[in-house]
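Reader: Hello! I am new to this structure and would like to learn how to read it. Could we look at it together?

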Amino acid sequence: MTAFVPAVARGDGWAGTVGRERGSVVPGDLADFEEFVQATLPGLLRYGHALTGNPHDAADLVQTVLEKIGSRWGQVLRKTGDPLAYVRRSMTNAHISRWRRHRRENLVAELPEPNPHTPADPFEHEPLWRALRELPPRQRAVIVLRYYEGLSEVEIADALGVSPGTVKSQASKAIASLRGRLRDDRAPEGR
């Protein structure tokens, strides 16, 4: 692993970091991106888990989005006031796009062999997680940002690129849906 230390500012625009092992110079924006990822990765993984419903898809989602954003980190910093909100919005968009692509039915001639051992998701039978997974992607994103990440309606609107009114209506619909599903799960059978 390369240890990074601040480099002396140079006249050619490369004020970045120097790797002690290799002696390579990295642009300052790249160093900022590395620091950003280190600081926000646990929260992004949690957000991804809440969006996708499982930790493996969450890790794939975070990696995909960070790869795309990392290549243009300087532009992201210049054009957005809050890079974390930009990353969350990108994750939401990527998740919705992936969901739309994969929700289509694929017909095959032969059934695939079942996997003999599939590790169980610890939250698979948790009623709240099941109900959260069944929400539409935008409603799920609003609920996760509001109650899991603790953002305000204005911050959620900025992160998702929608109006605060849309955030309120999506949250209201999602909460009503969650209440109904959780109430149905608790209702005794035969009634």
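Reader: Which residues in the largest nonpolar core touch the most other members?

Author: Happy to help. First, this is a predicted model, in which local features need pLDDT of at least 70 and side-chain atom pairs count only at pLDDT 80 or more, while totals for chains, interfaces and linings use all residues. Residues are numbered from 1 along each chain as its sequence is written, and side-chain values use heavy atoms, with hydrogens and water left out.

Author: Now the general idea: in soluble globular proteins, nonpolar side chains tend to be buried together. A nonpolar core is a set of buried Ala, Val, Leu, Ile, Met, Phe, Trp, Tyr and Cys residues joined through side-chain atoms within 4.5 Å. Buried means under 20% relative accessible area, exposed over 50%, and partly exposed in between, with a 1.4 Å probe and protein chains only. Here the largest core has 36 residues, and Tyr47, Val87, Met91 and Leu160 touch the most other members.

Reader: Which helices supply at least two residues each to this core?

Author: Helices (H or I, at least four residues) and strands (E, at least two) are DSSP runs, numbered from the N terminus. The suppliers are α1 (28–52), α2 (55–70), α3 (73–79), α4 (83–102), α5 (127–133), α6 (137–148), α7 and α8 (164–186). The largest share, seven residues, comes from α1. Domain 1 (31–110) and domain 2 (124–186) both give residues to the core, so the core lies between them. The domain bounds come from an automatic or database domain assignment.

Reader: How many helices and strands does the protein chain have?

Author: There are eight helices and three strands, and along the sequence they follow the pattern β-β-β-α-α-α-α-α-α-α-α. Of the 191 residues in the chain, 34% are buried.

Reader: Which residues of helix α7 are buried?

Author: The general idea is that an α-helix has 3.6 residues a turn, so residues three or four places apart point the same way. In α7 (residues 153–160), the buried residues are Ile156, Ala157, Ala159 and Leu160. They cover an arc of only 165° around the axis, which puts them on the same side of α7. That arc is taken from the directions from the helix axis to the C-beta atoms.

Reader: What does Leu160 touch?

Author: Contact means heavy atoms within 4.5 Å. Not counting residues up to four places away in sequence, Leu160 touches Tyr47, Arg89, Thr92, Ala141, Val142 and Leu145. Its helix-mate Ala159 has 1% relative accessibility. With neighbours within four places set aside, Ala159 is in contact with Ala85, Arg89 and Leu145. Ala159 and Arg89 are 70 residues apart in sequence, yet their C-alpha atoms are 5.2 Å apart.

Reader: Is Gly161 buried or exposed?

Author: Gly161 counts as exposed, at 55% relative accessibility. Gly161 lies in the loop between α7 and α8 and takes a positive phi of about 70° just after α7. The C-alpha atoms of Gly161 and Ala85 are separated by 9.5 Å, with their positions 76 residues apart along the chain.

Reader: What does Val167 touch?

Author: Val167 lies in helix α8 and counts as buried, at 1% relative accessibility. Beyond residues up to four places away in sequence, Val167 touches Val142, Glu153, Ile156, Ala157 and Val162. Further along α8 there is also Ala174, which is buried with a relative accessible area of 0%. Leaving aside neighbours within four places, Ala174 is in contact with Leu135, Gln139 and Ile143.

Reader: Which residues line the largest pocket?

Author: On a 1 Å grid over the protein atoms alone, a pocket is an open set of points where a 1.4 Å probe fits, with protein on both sides within 12 Å along at least five of seven lines, and lining residues have an atom within 4 Å of a point. Here the lining is Ala50, Leu128, Trp129, Leu132, Ile143, Val144, Tyr147, Tyr148, Ile175, Leu178, Arg179 and Leu182. At least two of the lining residues come from each of α5, α6 and α8. About 250 Å³ of space lies in this pocket, where grid points are joined across faces, edges and corners and the volume is the space filled by probe spheres set on the points.
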